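Here are two short exercises to work through with the model open beside you. Try each task before reading its solution.

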Amino acid sequence: MALVLFVAAGGAYAGSVDLKGDFVQGGLVRGQTAPDARILLGSRKIRVSPQGIFIVGFTRDAPASETLTAKFADGTETRQVLKIRKRTYDIQRINGLPPKMVTPPKAVLKRIKRENGLIRGARMVDRPEIYFDSGWIWPAKGRISGVYGSQRVLNGKPKRPHFGVDIAAPVGVKVIAPADGVVVLAELNLYYTGGTIILDHGHGLSSAFLHMSSLSVKKGRKVRQGDLLGAIGKTGRATGAHLDWRINWFDRRLDPALLAPKRADLTN
Ligand SMILES: [Zn+2]
């Protein structure tokens, strides 16, 4: 829960900042303040909606705290230290493995670079709508086969952590929108992630759905929670049929499982 230190820095207290969410690594917090307030997380300017709503997210390895500053129209300012709970991740150490060729062939490096640019661009969109307020459901039915933050250390070398939640299910199982949003990327054949959709939920919050076998929506389409996006697959560099669901707040990778309804086979 929120452990908040409250400091009025600019004299009279002029407005309030109400925060709700997961104050934990990989978590998302929703704020409510005066519509004309200006909000900063550290030195980062945060969009405030006309209703006074804003969001901030914490990375997998977020520090113990971050500072949120609110500047109100009357010139007063409040500052809060957000305490961010540390998590322990599933780390697998595997030694004595023969070194594996993981570098892609030169011919595809250009392609990967271009595709990474597309994905980055889609994630940096800062849309004014508050689609994320629709709430969240799971985008597919299936068994959880991979969790956020897990990491393998091969022959002493830490690999890139896993940032999604993997839902294992047969090819063709429906993928639906977990929240309202707009399709900002719909590509059938990306090198790593195969059939890929990115949904923008507003204010820099986006969902990505990877390894899909078919896509039912095109870029630009507005979707409501529960609308069909496509089907589970094993396209791109996937070892088996599954949906890898990721959530970003701009460049920060969040844990989708913290937003979706709790389930018995997942603990956070
Ligand atoms: Zn995955």
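Two exercises follow, one on the domains and one on a sheet.

This is a predicted model, in which local features need pLDDT of at least 70 and side-chain atom pairs count only at pLDDT 80 or more, while totals for chains, interfaces and linings use all residues. Residues are numbered from 1 along each chain as its sequence is written.

**Exercise 1.** Find the domains and describe the contact between them.

Solution. Start with the bounds, which come from an automatic or database domain assignment: domain 1 covers 4-83, and domain 2 covers 108-146 + 163-259. Next, take the C-alpha centres of domain 1 and domain 2, which are 28 Å apart. Then turn to the contact (C-beta atoms, placed from the backbone, within 7 Å): domain 1 supplies 12 residues and domain 2 supplies 13 residues. On the domain 1 side, strand β6 (residues 53-57) gives the most, with four residues. Strands here are DSSP runs (E, at least two residues), numbered from the N terminus.

**Exercise 2.** In which order do the three strands of the open sheet lie, and which strands stand at the edges?

Solution. First, read the order: β2-β3-β6, with antiparallel pairing. Two strands pair if DSSP finds at least two bridges between them. Now look for the edges: β2 (18-21) and β6 each have a single partner strand, so one side of each has no neighbour in the sheet. Finally, check one pairing: β2 and strand β3 (residues 28-32) are joined over four bridges in the antiparallel sense. Within the sheet, Leu19 is opposite Gly31 of β3.

Notes
Two residues are in contact if their C-beta atoms, placed from the backbone, lie within 7 Å.
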